[in-house]
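Trainee: I would like to go through the labels put on this model and ask what stands behind each.

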Amino acid sequence: MKLRVALFFAGVFGALGVLLFLLAFGTDYWLLATETCPSAQNSTDLVTAEIQKGDIVFFHKTGATFHHEGFFWRCWFNEAVVDNDIWKFWFTNQPPSKYCMHAYLIPFPMTAEAHNSTAYETAIIYRGFWTVFMMLGVVAVIIGGFIIICAAPFSNHKLYKAGGGLFLAAGILFSMLVIMYVIWIETVIDLNEYIHKQQIALCPDFTLSVQYGWSFIIAPIGIFFSLLAGLLFLLAGRTIQVHYT
């Protein structure tokens, strides 16, 4: 009876862990940023900055530019009304069209002009390791889920242990990538340099507000469920091995 209860909760926690990891992986809201020029709010000018490969960034002096970034995409859109509310980034509150580029090529706030710089190369290498940890974590939790599904009909302790180990591995990998992303925002990228360049190019009082998005927030919740599910599956596998084999 206790074994069935443990397996039930392990399955629920494992399913929640898989779902939250896939949401964190597939949604592009790890980082949210808002750019404004307070001194130019009464101007109707439109500033455009040309980027290599035909991409153009539009900055409305009368409003703000909102950025959001994840594993796959880095996107931004303009609004005439300045609003730092986090719900501005919600899907239904965004404009019908926005501009996007691959985040792994030019993550925020990197620009195409920095392609040949040492800082850019260092940032991309660091980002590459973050990408690898993300992919390994997602693969581990998906394979672990399939192994647990296969283990359920046969009460195979080896499969339960293998699935539990993969859930633990996924939780550890996602823990590492969450820590790496915090280091990325706080240390690796130079936001002050980016602000300084924008103050020269756009307006002297250019401001940048950066915060972590819901894709980042749900990752630690998924880590908790994944680690808990992994421990319960390992415990269930051990119990089956001792008492039923």
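The exchange below takes up a helix pair, the salt bridges and one glycine.

Mentor: First, this is a predicted model, in which local features need pLDDT of at least 70, side-chain atom pairs count only at pLDDT 80 or more, and totals for chains, interfaces and linings use all residues. Residues are numbered from 1 along each chain as its sequence is written, and side-chain values use heavy atoms, with hydrogens and water left out.

Trainee: Why is α1 called oblique to α3?

Mentor: Helix α1 (residues 2-26) and helix α3 (residues 157-188) pack at an angle of about 40 degrees, their axes 12 Å apart. Angles under 35 degrees count as roughly parallel, over 145 as roughly antiparallel, 65 to 115 as roughly perpendicular, and the rest as oblique. That makes α1 oblique to α3.

Trainee: Which residues of α1 and α3 make the contact?

Mentor: On α1 they are L7, G14, V18 and F21, and on α3 they are Y160, F167, A170, G171 and F174. Contact means heavy atoms within 4.5 Å.

Trainee: What makes E69 and R127 a salt bridge?

Mentor: The rule asks for a side-chain nitrogen of Lys or Arg within 4 Å of a carboxyl oxygen of Asp or Glu. For E69 and R127 the N to O distance is 3.3 Å, and the pair is a salt bridge. E69 lies in strand β4 (residues 64-69) and R127 in helix α2 (residues 118-151), so the pair ties together parts 58 residues apart in sequence.

Trainee: How many salt bridges are there by this rule?

Mentor: Two. The other joins the side chains of E193 and K197, at 3.5 Å from N to O. E193 and K197 are four residues apart in helix α4 (residues 191-201), which means a separation of about one helical turn.

Trainee: Are E69 and E193 buried or exposed?

Mentor: Buried means under 20% relative accessible area, exposed over 50%, and partly exposed in between (1.4 Å probe, protein chains only). E69 has 1% and is buried, and its partner R127 has 3% and is buried. E193 is at 39% and counts as partly exposed, while K197, at 47%, is partly exposed.

Trainee: Where does G17 lie, and what does G17 touch?

Mentor: G17 lies in helix α1. Its relative accessible area is 0%, so G17 is buried. Not counting residues up to four places away in sequence, G17 touches G222, F225 and S226. The C-alpha atoms of G17 and A219 are 8.9 Å apart, with their positions 202 residues apart along the chain.

Technical notes. Axes fitted to C-alpha atoms, helices over the stretch in contact; angles between N-to-C directions. Helix = DSSP H or I, 4+ residues; strand = E, 2+ residues; numbered from the N terminus.
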